[in-house]
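Here is a short report on a parallel sheet and on the cysteines. The sheet comes first.

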Amino acid sequence: MNIIIIGCGKVGEALAEQLNEQGNNITVIDLDAKKLNAVSSKCDVMCVTGNGATHLVQQEAGIENADLMIAVTGSDELNLLCCLIAKKAGNCKTIARVRSPQYSSEAPFLKDELGLAMVINPEQAAAEEIARVLRFPSAINIDTFCRGRVELIKLKVPEGSPLVGVAVKELSSKLGCDVLVCTLERGDEAYIVNGNTVFEERDVISIIASPQKVNDFFRKINYKSKSVKDVMIVGGGELGHYLCNILVNDGVSVKIIEKDPQRSDELCALWGSSVTVINGDASDQEVLLEEGLAQTGAFVALTNLDEENILLSLFAHSSGSAKLVTKINRIDFANVIKQLELDTIIYPKNITSDLIVRYVRSIKNAQGSNVEQLHQVIKGKIEAAEFIIKDSSSITGTPLMNLKLRDGILVAAILRGKKVVIPRGSDTIEPEDTVVIVSDSSELHDITDILR
């Protein structure tokens with residue numbers, strides 16, 4: 001596909017790299033030549049220096065032959081204008097990043113009236129992911145497949161866990177759990193497990209099963225599975241705004257600590273008695289303790305400073321047993337950050353790029369692929385894709401043990417009607433099944449790509 005990306009910030013750069021790796025022809029537009037030079041030094045993309053909201057610059061980038069234009073500049077209005085021009089100049093599909101709460105309720109109207117393929121709101125998407133994790137606080141991350149009937153959950157193996165010393169192939173007999181372990185992260189290693197993999201303390205693993213089976217598994221390994229009832233949020237920006245909206249509707253008690261007096265007043269006027277708003281400096285440990293940090297069910301750090309969010313979360317970890325959620329904007333130090341005692345780390349920029357990459361793969365779906373859903377299980381290493389089996393093919397009707405699967409492929413779940421099947425070697429894939437495949441390859445476009 002020919003794709004134009006307008007805006008070469010962190011999201012634009014991540015998109016250029018990911019979409020280029022998947023064989024697309026990428027052109028990036030930005031006013032800052034230094035940013036363009038940085039991205040072109042990392043991957044094979046074309047660069048155009050200029051204002052992407054002008055017809056002339058879009059023409060120079062090849063808008064007439066583009067299949068998709070993605071606008072991810074720092075301005076909502078500029079992104080919408082870029083899309084409008086692209087639709088008139090090239091008649092391609094368009095995606096706009098729109099972040100302001102003022103536009104959030106207008107998203108369906110904007111999408112319809114401007115003919116947008118997608119309107120992406122990073123803060124809204126991040127808030128939804130945080131809320132999903134708070135409903136299942138023992139999880140690091142939760143992805144859903146098969147219209148919510150299958151969950152892929154990432155968790156850390158704690159010290160003294162019944163899992164320690166158990167091999168994957170022994171899991172069913174020793175714990176009586178009908179779940180499938182998919183991946184394991186141990187130190188700098190990350191891979192798809194096999195039956196001989198033995199769990200160790202502090203391993204990060206991902207499991208897949210129906211929600212009921214996941215609850216049963218968590219109960220048997222003595223993990224908390226009940227959603228939190230009260231949450232302390234530091235930072236009342238756009239992400240905090242969206243998160244409050246979700247949590248209040250879920251009946252969760254919410255307390256926000258915001259440093260800016262004017263913003264605190266705005267939040268008070270917005271939420272009234274539904275949310276407790278504290279005007280204070282959360283970097284002052286006494287403020288956090290006085291407001292009940294030691295007793296709160298979850299602590300969410302959403303300031304604009306990564307360093308502050310990390311320090312606040314580490315202090316919360318030392319002060320109580322709250323579920324920790326930490327927002328990080330800079331992706332550069334992800335490998336260092338994951339070594340810290342933080343539960344769930346949210347990267348809004350990654351969420352944005354992942355949503356767009358998933359959409360691009362779904363466009364290829366219309367061109368012969370049948371990928372329905374796509375999630376990064378381990379960033380840049382392992383992904384999970386959902387396929388709908390439309391017709392009989394070389395993979396249907398044959399027991400999985402007899403299929404010649406490529407290396408790095410795991411058939412993780414099968415949805416047949418309303419029944420979730422955690423597949424064993426004797427199970428088969430049939431037409432009209434929905435199948436979840438975990439893979440260390442980003443080259444799966446059709447279900448038959450799992451075969452050698």
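Strand E13 (residues 253-258) pairs with E14 in the parallel sense, over 5 bridges. Strands are DSSP runs of E of at least two residues, helices are runs of H or I of at least four, and both are numbered from the N terminus. Two strands pair if DSSP finds at least two bridges between them. Glu258 stands opposite Asn279 in E14.

This is a predicted model: local features need pLDDT of at least 70, side-chain atom pairs count only at pLDDT 80 or more, and totals for chains, interfaces and linings use all residues. Residues are numbered from 1 along each chain as its sequence is written, and side-chain values use heavy atoms, with hydrogens and water left out.

The open sheet has 6 strands, in the order E14-E13-E12-E15-E16-E17, with parallel pairing. Strand E14 (275-279) and strand E17 (344-346) stand at the edges. Each has a single partner strand, so one side of each is left without a neighbour in the sheet.

The structure holds 0 disulfides. A disulfide is a pair of cysteine sulfur atoms within 2.5 Å. Two cysteines show the distances and the exposure. Buried means under 20% relative accessible area, exposed over 50%, and partly exposed in between (1.4 Å probe, protein chains only).

| Cysteine | Nearest cysteine sulfur | Relative accessible area |
|---|---|---|
| Cys47 | Cys8, 6.7 Å | 29%, partly exposed |
| Cys83 | Cys82, 6.8 Å | 0%, buried |

The sulfur of Cys83 is too far from that of Cys82 for a bond.
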